[in-house]
Amino acid sequence: MNAIEFILAGMLAAATPFLLAALGELVVERAGVLNLGVEGLMAFGAVLAFIVVYHGGGHLLGFVAAGLGSALLSLVFALVALGFRANQVATGLAIGILGQGLSALFGKTYESLTVKGLPRLALPWLSEIPLVGRLFTQDIVVWLSLAATLAIWVMFACTKVGLVVRATGENPKAAHAIGYSVVAIRFAAVAIGGTMAGFAGAYAAVVYTPLWADGMIAGRGWIAIALVVFGTWLTARIFLGACLFGAVSLMGLAAQATGLDVPSQVLASLPYLVTIVVLGIISADRRLLKLNGVASLGEPIER
């Protein structure tokens, strides 16, 4: 397998943790809430999934536990930030630190232990195409994440539910005036975002690298938040951005396999360097951010 085939074979799997977490954060931010605790939510979901799978509960139960646990933790954020109208940035950072602390605490006795991953499913005919065929041989979670991407795009583009969520983020006063409970909608959006972050952490811990190590999320949550801005709050662009970051995260391994004499620390930092560069480019285009941005993002609800 050459470097290109290696990257294509692993790109979607590497992108899945970014994609799931970013899709959840997209729903949260479209509702007008800024949750910076995604890293901690992913870490908490990761340790819950690993514990369940390690003790024989199976991958499905592991994902359910991760989703529920991270959703409950995200509701603590919602209670403080929306119920008590605390600063969303500070609250999100606190929840993120709490999630990482709980992950380190619960995972201490499981350090360096492994679980069995999931088998890959090949799409007939497509998986046999030369060079790009490996792109169509993925595990079931990757295929479900692609379905989730399509479902969220349809929700925001074609359904009343998506319109209501967007209205809540754009003009909460108008949404309240026509009879919608802004607080309830934002609570639900935060819970969905927490669930998706939990799924992302679970995938990282029990499928992508089925080995427990403290700090294994390694900044993926922060990149997922950046992906929402990178994609200018549009589902399709977020998907493309996740694929880009997935490919970049594999370039280091591909470079090492080809014998390229570059320090491993430089190769490991590539996703973060790309994040900084891309955010700088996107932030320079004020028109684009204003066109697709969320007008009331991060603003507290006026009673």
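**Exercise 1.** In this predicted model, work out whether A218 counts as buried, partly exposed or exposed.

*Solution.* Start with the number: A218 has a relative accessibility of 41%. Next, recall the cut-offs: buried is under 20%, exposed is over 50%, and partly exposed is in between. A218 therefore counts as partly exposed. To place the residue, look at the loop between α8 (182-208) and α9 (220-230), where A218 lies. Now check its backbone: phi of A218 is near 55°, a positive value in a residue other than glycine. That deserves a second look, since most residues other than glycine have a negative phi.

**Exercise 2.** Do the same for T232: find its loop, its phi and its exposure class.

*Solution.* Go to the loop between α9 and α10 (235-257), and you'll find T232 there. Its phi is near 45°, again positive in a residue that isn't glycine. Then take the accessibility: T232 has just 1%, so it counts as buried.

**Exercise 3.** Find which residues touch the most other members of the largest nonpolar core, and list the contacts of V206 beyond its neighbours within four places in sequence.

*Solution.* The core has 80 residues, and V206 and W212 touch the most other members. Helix α1 (residues 3-30) gives the most to this core, with 15 residues. Now zoom in on V206: leaving aside those sequence neighbours, it is in contact with A49, F50, V53, H59, F63, V115, K116 and G117.

**Exercise 4.** Decide which element calls for the most caution, going by mean pLDDT.

*Solution.* Begin with the whole chain: mean pLDDT is 90, and 96% of residues reach 70 or more. Then compare elements: helix α2 (residues 38-54) has the highest mean, 97, while helix α11 (residues 264-268) has the lowest, 71. Where pLDDT is low, the predicted coordinates should not be read in detail.

How values were computed. Residues are numbered from 1 along each chain as its sequence is written. This is a predicted model: local features need pLDDT of at least 70, side-chain atom pairs count only at pLDDT 80 or more; totals for chains, interfaces and linings use all residues. Side-chain values use heavy atoms; hydrogens and water are left out. pLDDT is the predictor's confidence in each residue, from 0 to 100. Helices (H or I, at least four residues) and strands (E, at least two) are DSSP runs, numbered from the N terminus. Buried means under 20% relative accessible area, exposed over 50%, partly exposed in between (1.4 Å probe, protein chains only). A nonpolar core is a set of buried Ala, Val, Leu, Ile, Met, Phe, Trp, Tyr and Cys residues joined through side-chain atoms within 4.5 Å. Contact means heavy atoms within 4.5 Å.
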